[in-house]
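Reader: I have some questions about the labels used for this model. Please give the value and the cut-off behind each one.

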Amino acid sequence: MELSLSQMIESKEILVTGGTGFIGSHTVVELIELGYEPIILDNWSNSSQAILKQISAITGKDCVFYHGDMRDLEFLRSVFKKHSISGVIHFAAFKAVAESVEKPLHYYDNNLGALLNLLKCLEEFEVNKIVFSSSCTVYGVANSLDPLTEEMPVGKPNSPYGWTKWMAEQILMDIAKGTSLRPIFLRYFNPMGAHVSGKLGELPLGPPNNVLPYITQTAAGIRKELTIFGNDYDTPDGTCVRDYIHVMDVAKAHVKSLMHSFESAFEVFNLGTGKGTSVLELVQLFEQVTSKKLNYHFGARRPGDVDALYADVSKAKKFLNWNTERTIEDAILDAWKWEQYRLEHEIS
Ligand SMILES: NC(=O)c1ccc[n+]([C@@H]2O[C@H](COP(=O)([O-])OP(=O)(O)OC[C@H]3O[C@@H](n4cnc5c(N)ncnc54)[C@H](O)[C@@H]3O)[C@@H](O)[C@H]2O)c1
């Protein structure tokens, strides 16, 4: 694979779909700090207006923002018409694995409907660069405790959510083969943490689907106790093993992806740390670094969960010139800082 670091982004306007969401908002901060002009779009189905203020508090800049649903093609077209968008980072999607098992149509409709409309706009407005939020769930059930490489076969995700990511990659690959569209798929493992300032972080509406915000909310007294879903998995301590990565490291990888151009029709990169940590280990680390005792118990397995997933990240390191810069302890401390900040400032 040949690559060159290029200044291929002519306009600095980058459309960030789902830009008030967890990973989107941190990526917006990173884009602003590197001189880009993010155009944020979100329907607030899983985020809120409050995040825009937090982005301004960190960067000193008010972003252009559009409130609307990507499944509304005319709304999406209107955003493209108003700007000279040179690249898109597409975060907007529903993401709760267990919910997708209960409501598959909801997930296929939103995650694929939004993508198809976006692709129509990319074609009409001749935008070639798209960085797509994919997921390690596309690897399905891992057969060993070895790290997952991008070459591993995909195609058997364990939930409708995972299938939406797999199908989205397939759609993008098919279109890229016959056009100038150049998608980059970033397969995230488990992003967590918050901005180091403590002024921006994950803001789940209702009970969190990800473990760290559940932990911080339990420690803050918002939730009575944490349920660890399953302690009979085929892992050393019986709880699921995941590859937890600081959200700002994930954010940086998006900007690196925008800055690179590849000769190939599409590229895939795993984003993780390369190290697996069990849910129980994460809970114990939280207790150690914050000196807070956590109320938790073991419950039944969640539908759609698999034993262990962690990444081989050598490809992203080599070709994106990207490295993780923060530890799991940093992520825990930043998330805890954010939890306390948002309670103090009544951010919801
Ligand atoms: N957080 C994770 O652990 C994780 C892991 C792997 C992949 N991903 C993927 O990364 C992306 C971002 O994840 P996140 O954790 O920031 O999620 P998030 O829910 O915090 O952010 C997604 C944002 O998209 C918005 N959105 C959803 N559907 C929309 C629509 N039709 N139109 C407009 N806005 C819409 C939501 O309101 C939300 O603000 C998602 O595509 C997710 O599937 C996340």
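Author: The answers below take the labels one at a time, for a model that is predicted.

Reader: How do you know how many disulfides there are?

Author: A search of the whole structure finds zero. A pair of cysteine sulfur atoms would have to lie within 2.5 Å to count. For Cys136, the closest cysteine sulfur belongs to Cys240 and is 11 Å away, so the two are too far apart for a bond.

Reader: Why is Cys136 called buried?

Author: Buried means a relative accessible area under 20%. Cys136 has 4%, so the label applies. Cys63 has 18%, which is also under 20%, and therefore Cys63 is buried as well.

Reader: What makes Trp44 partly exposed, and Ser291 exposed?

Author: Exposed requires over 50%, and partly exposed is the range between under 20% and over 50%. Trp44 is at 22%, so Trp44 counts as partly exposed. Ser291 is at 67%, so Ser291 counts as exposed.

Reader: Where do Trp44 and Ser291 lie, and what is the phi of each?

Author: Trp44 is in the loop between β3 and α2, and its phi is near 60 degrees, a positive value. Ser291 is in the loop between α9 (279-290) and β15 (296-299), with a positive phi of about 55 degrees. Neither Trp44 nor Ser291 is a glycine. Most residues other than glycine have a negative phi, which is why a positive value is pointed out.

Reader: How do you know which residues surround the ligand?

Author: A residue is included if one of its heavy atoms lies within 4 Å of the ligand. There are 30 such residues, and the closest are Asp42, Ser47, Phe91, Asn110 and Tyr161. By class, the shell has 12 nonpolar, 13 polar and five charged residues. Four elements, α1 (22-33), β3 (37-42), β6 (129-135) and α6 (160-178), each supply at least two residues of this shell. The largest share is that of β6, with three residues.

Reader: What makes the pairing of Asp42 with the ligand a polar contact?

Author: The cut-off for a pair of N or O atoms is 3.5 Å. A polar side-chain atom of Asp42 lies 2.6 Å from an oxygen atom of the ligand, which is within that cut-off. Ser47 has a side-chain N or O atom 2.7 Å from a ligand oxygen, and for Lys165 the corresponding distance is 2.8 Å. The ligand on its own has 820 Å² of accessible area, and the protein covers 97% of it.

Reader: Why is a group of residues called a nonpolar core?

Author: The members are buried residues of the nonpolar kinds listed for a core, joined through side-chain atoms within 4.5 Å, so the name describes both their type and their contacts. The largest such core has 49 residues, of which Leu31, Ile55, Leu186, Phe269, Leu271 and Trp322 touch the most other members. Elements that each supply at least two residues to this core include β2 (13-17), α2 (50-59), β7 (182-188) and α11 (328-344). The largest share, six residues, comes from α1. In soluble globular proteins, nonpolar side chains tend to be buried together.

Reader: Is Gly140 buried or exposed, and how far is Gly140 from Trp163?

Author: Gly140 has 4% relative accessibility, under the 20% limit, so Gly140 counts as buried. Gly140 is in the loop between β6 and α6. Between Gly140 and Trp163 the C-alpha to C-alpha distance is 9.3 Å, with the two 23 residues apart in sequence.

Technical notes
Residues numbered from 1 in each chain as written. Predicted model: local features only at pLDDT ≥ 70, side-chain atom pairs only at ≥ 80, totals over all residues. Heavy atoms only, no water. Buried < 20%, exposed > 50% of the residue type's maximum accessible area, 1.4 Å probe, protein only. Polar contact = N/O pair within 3.5 Å; in protein donor to acceptor, adjacent residues only side chain to side chain. Areas by Shrake-Rupley, 256 points an atom, 1.4 Å probe, with all protein chains shown as cover. Nonpolar A, V, L, I, M, F, W, Y, C, P; charged D, E, K, R; others polar.
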